[in-house]
Amino acid sequence: MEMHQLRYVVAVARTGNFSRAAEQCHVAQPSLSQQIQKLEDELGERLFDRMKREARLTAHGEAFLRRAVKILEEVDAAK
């Protein structure tokens with residue numbers, strides 16, 4: 001698990017869209033999608049239900065998001 005993956009999950013959750021999240025994170029959409037898929041594989045759980053133009057958090061995604069936000073806040077506070 002890497003920090004940029006946490007940031008990507010938060011961005012997709014907030015925007016509800018992989019393309020908008022990629023723009024917000026200044027990365028290519030395929031790269032962002034690949035990193036989230038890699039994280040999901042590592043966790044053994046899907047974080048998002050992917051629809052044609054929308055991404056919604058799964059129950060596991062909701063739980064993960066809460067922790068990811070706390071981790072990112074702690075990292076920012078430590079800086």
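Which backbone nitrogen does a side-chain oxygen of Asn17 reach at the start of helix 2? That of Ser19, and the gap is within 2.8 Å. This fits the cut-off for a polar contact (N or O atoms within 3.5 Å; within protein, one must be able to donate a hydrogen and the other to accept it, and residues adjacent in sequence count only if both atoms are side-chain atoms).

## Ground rules

This is a predicted model, where local features need pLDDT of at least 70 and side-chain atom pairs count only at pLDDT 80 or more, while totals for chains, interfaces and linings use all residues. Residues are numbered from 1 along each chain as its sequence is written, and side-chain values use heavy atoms, with hydrogens and water left out.

Helices (H or I, at least four residues) and strands (E, at least two) are DSSP runs, numbered from the N terminus.

## Helix 1

Helix 1 has 13 residues, which at 1.5 Å each should span 18 Å, and its end C-alpha atoms are indeed 18 Å apart. The expected span here is 1.5 Å times one less than the number of residues. Right after helix 1 comes Gly16, with a positive phi near 75 degrees.

Buried residues (under 20% relative accessible area, against over 50% for exposed and in between for partly exposed; 1.4 Å probe, protein chains only) in helix 1 include Gln5, Tyr8 and Thr15. Their cover includes helix 2, helix 3, strand 1 (48-50), strand 2 and helix 4.

## Helix 2

Phe18, Ala21 and Ala22 are the buried residues in helix 2. They sit on the same side of helix 2, because they cover an arc of only 100 degrees around the axis, going by the directions from the helix axis to the C-beta atoms. They pack against helix 1, helix 3, strand 1 and strand 2. Just past helix 2, His26 has a positive phi of about 60 degrees.

## The core

The largest nonpolar core (buried Ala, Val, Leu, Ile, Met, Phe, Trp, Tyr and Cys joined through side-chain atoms within 4.5 Å) holds 20 residues, and Val9, Val12 and Phe18 are among those touching the most other members. Helix 1 gives the largest share, six residues.

Take Val12: leaving out residues up to four places away in sequence, its contacts (heavy atoms within 4.5 Å) include Phe18, Leu32, Ile36 and Phe48.

## Leu72 meets helix 1

Leu72 lies in helix 4 and counts as buried because its relative accessibility is 12%. Although Leu72 and Leu6 are 66 residues apart in sequence, their C-alpha atoms are 7.7 Å apart. Leu72 also touches Met3, Arg7 and Val10, among others.
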